[in-house]
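Colleague: I would like a close look at one part of this model. Please take it slowly and build the picture piece by piece.

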Amino acid sequence: MSILVPAVAREYFAAASAFDVDRTVAVFAEDALVRDEGKDIRGREAIHQWVARTMREYSAVATPEQVDVRDGIVAVTALVSGRFPGSPVRLTYGFTVAGNRIAGLEIH
(Lines give C-alpha, C1' and ligand atoms only; values in the text may rest on other atoms or scores of the structure.)
Protein backbone atom coordinates (compact mmCIF):
# COMPACT_ATOMS: atom_id res chain seq x y z
CA MET A 1 0.00 0.00 0.00
CA SER A 2 1.38 3.36 -0.93
CA ILE A 3 -0.78 5.32 1.54
CA LEU A 4 -0.35 5.40 5.30
CA VAL A 5 -3.00 3.10 6.77
CA PRO A 6 -2.91 2.48 10.55
CA ALA A 7 -1.51 -0.94 11.48
CA VAL A 8 -4.74 -2.64 12.58
CA ALA A 9 -6.59 -1.47 9.46
CA ARG A 10 -3.64 -2.50 7.28
CA GLU A 11 -3.74 -5.97 8.85
CA TYR A 12 -7.51 -6.17 8.27
CA PHE A 13 -7.10 -5.42 4.55
CA ALA A 14 -4.11 -7.76 4.18
CA ALA A 15 -5.86 -10.66 5.92
CA ALA A 16 -9.13 -10.14 4.05
CA SER A 17 -7.36 -9.89 0.69
CA ALA A 18 -5.60 -13.18 1.49
CA PHE A 19 -9.04 -14.70 2.19
CA ASP A 20 -7.82 -15.77 5.64
CA VAL A 21 -10.92 -15.85 7.84
CA ASP A 22 -9.18 -16.52 11.18
CA ARG A 23 -6.50 -13.88 10.58
CA THR A 24 -9.17 -11.34 9.61
CA VAL A 25 -11.28 -12.04 12.69
CA ALA A 26 -8.23 -11.88 14.97
CA VAL A 27 -7.92 -8.09 14.48
CA PHE A 28 -11.35 -7.50 16.07
CA ALA A 29 -11.99 -6.92 19.77
CA GLU A 30 -14.07 -9.63 21.46
CA ASP A 31 -17.17 -7.39 21.59
CA ALA A 32 -16.59 -5.52 18.32
CA LEU A 33 -19.48 -4.21 16.25
CA VAL A 34 -19.55 -4.37 12.43
CA ARG A 35 -22.19 -2.58 10.36
CA ASP A 36 -22.36 -3.82 6.77
CA GLU A 37 -25.19 -3.84 4.24
CA GLY A 38 -27.47 -2.21 6.84
CA LYS A 39 -26.96 -4.99 9.38
CA ASP A 40 -25.19 -5.00 12.73
CA ILE A 41 -22.87 -7.90 13.53
CA ARG A 42 -21.66 -8.00 17.14
CA GLY A 43 -18.97 -10.14 18.75
CA ARG A 44 -16.19 -12.27 17.34
CA GLU A 45 -18.31 -15.36 16.75
CA ALA A 46 -20.85 -13.44 14.64
CA ILE A 47 -18.04 -11.53 12.92
CA HIS A 48 -16.38 -14.87 12.08
CA GLN A 49 -19.58 -16.03 10.38
CA TRP A 50 -19.92 -12.70 8.53
CA VAL A 51 -16.29 -12.76 7.31
CA ALA A 52 -16.54 -16.40 6.15
CA ARG A 53 -19.83 -15.77 4.32
CA THR A 54 -18.73 -12.57 2.60
CA MET A 55 -15.42 -14.11 1.50
CA ARG A 56 -17.23 -17.15 0.11
CA GLU A 57 -19.99 -15.18 -1.64
CA TYR A 58 -18.10 -12.16 -2.97
CA SER A 59 -14.38 -13.01 -3.20
CA ALA A 60 -13.85 -9.29 -2.72
CA VAL A 61 -10.46 -7.61 -2.63
CA ALA A 62 -10.22 -4.06 -1.29
CA THR A 63 -7.37 -1.77 -2.31
CA PRO A 64 -7.07 1.23 0.03
CA GLU A 65 -6.80 4.54 -1.80
CA GLN A 66 -7.28 7.25 0.83
CA VAL A 67 -7.22 7.60 4.62
CA ASP A 68 -8.88 10.26 6.72
CA VAL A 69 -8.80 10.32 10.52
CA ARG A 70 -11.54 12.35 12.13
CA ASP A 71 -13.21 12.25 15.56
CA GLY A 72 -11.48 8.98 16.46
CA ILE A 73 -12.59 7.17 13.31
CA VAL A 74 -10.11 6.00 10.69
CA ALA A 75 -11.98 6.22 7.37
CA VAL A 76 -10.32 4.26 4.58
CA THR A 77 -11.71 4.62 1.07
CA ALA A 78 -10.96 1.52 -0.97
CA LEU A 79 -11.59 0.23 -4.46
CA VAL A 80 -13.37 -3.09 -3.97
CA SER A 81 -13.62 -5.70 -6.70
CA GLY A 82 -15.12 -9.17 -6.58
CA ARG A 83 -18.12 -11.27 -7.56
CA PHE A 84 -20.95 -8.80 -7.03
CA PRO A 85 -23.04 -6.50 -9.23
CA GLY A 86 -21.35 -3.21 -10.06
CA SER A 87 -17.83 -4.44 -9.29
CA PRO A 88 -15.56 -2.61 -8.81
CA VAL A 89 -16.96 -0.04 -6.37
CA ARG A 90 -15.46 2.44 -3.94
CA LEU A 91 -16.44 1.83 -0.33
CA THR A 92 -15.51 3.58 2.88
CA TYR A 93 -14.42 1.48 5.85
CA GLY A 94 -14.84 3.42 9.09
CA PHE A 95 -12.64 1.85 11.77
CA THR A 96 -12.93 2.59 15.49
CA VAL A 97 -9.79 1.30 17.14
CA ALA A 98 -9.28 0.39 20.80
CA GLY A 99 -5.71 -0.52 21.67
CA ASN A 100 -4.49 -2.73 18.86
CA ARG A 101 -7.93 -4.13 17.94
CA ILE A 102 -10.88 -3.03 15.83
CA ALA A 103 -13.75 -2.11 18.18
CA GLY A 104 -16.04 -1.00 15.37
CA LEU A 105 -16.21 -1.17 11.60
CA GLU A 106 -18.82 0.50 9.43
CA ILE A 107 -18.72 -0.20 5.69
CA HIS A 108 -20.63 2.02 3.28
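How much space lies in the second largest pocket? Please also show me what surrounds it.

Modeller: Keep in mind that this is a predicted model. The second largest pocket holds about 210 Å³ of space. Let's walk around its wall. The lining includes L33, R35 and D40. I73 and A75 are also part of it. So are T92, G94 and T96. G104, L105, E106 and H108 complete the list.

Now place that wall on the fold. Strands β1, β4 (73-81), β5 and β6 (101-107) each give at least two residues to this lining. By residue type, the lining has 4 nonpolar, 5 polar and 3 charged members.

Start with β1. This strand covers residues 28-36 and runs antiparallel to β2, residues 39-42. The two are joined by 4 bridges. One of these contacts pairs D36 with K39 in β2. Between the strands of this hairpin sit 2 residues. One residue to find there is E37, which takes a positive phi near 55°.

Next, follow β5. This strand covers residues 89-98 and carries F95. The lining of our pocket includes T96 and G94, while F95 takes part in ring contacts. The model has 8 aromatic pairs. In one of them, the ring centres of Y12 and F95 are 5.6 Å apart. Their planes meet at 70°, and edge-to-face pairs need over 60, so this pair is edge-to-face. It ties distant parts of the chain together: Y12 belongs to helix α1 (residues 7-17), and F95 to β5, 83 residues away. Is F95 buried or exposed? Its relative accessibility is 0%, so F95 is buried. Y12 is buried too, at 6%.

F95 has another ring partner. F13 and F95 also meet edge-to-face, with 5.8 Å between centres and 80° between planes. This contact again joins helix α1 to strand β5, across 82 residues of chain. F13 has a relative accessible area of 2%, so F13 counts as buried. Ring pairs draw Y12, F13, F28, Y93 and F95 into one cluster.

Y93 leads us to a neighbouring topic: the largest pocket. Its volume is about 450 Å³. Y93 is among the residues nearest its centre, along with T54, Y58, A60 and V80. In total, 20 residues line this pocket. Helix α1, α3 (44-58), β3 (61-70) and β5 each supply at least two of them. The biggest share comes from α3, with 5 residues. Here the lining divides into 15 nonpolar, 3 polar and 2 charged residues. Strand β5 thus appears in both linings: it supplies at least two residues to the second largest pocket and at least two to the largest.

Two of these elements also take part in charged contacts. In α3, the side chains of E57 and R53 form a salt bridge, 3.3 Å from N to O. They are 4 residues apart in that helix, so about one helical turn separates them. E57 is partly exposed at 36%, and R53 is partly exposed at 27%. Helix α1 has a link of its own. Its E11 forms a salt bridge with R23, with 2.6 Å between the closest N and O atoms. R23 lies in helix α2 (residues 21-25), 12 residues from E11. R23 is partly exposed at 32%, as is E11 at 28%.

Technical notes
Residues numbered from 1 in each chain as written. Heavy atoms only, no water. Pairing = 2+ DSSP bridges. Phe/Tyr/Trp six-rings, centres within 6.5 Å; stacked < 30°, edge-to-face > 60°. Buried < 20%, exposed > 50% of the residue type's maximum accessible area, 1.4 Å probe, protein only. 1 Å grid on protein atoms, 1.4 Å probe; cavity = no way out; pocket = protein on both sides within 12 Å on 5 of 7 lines; lining within 4 Å. Points joined across faces, edges and corners; volume = space filled by probe spheres on them. Nonpolar A, V, L, I, M, F, W, Y, C, P; charged D, E, K, R; others polar. Salt bridge = Lys/Arg side-chain N within 4 Å of Asp/Glu carboxyl O.
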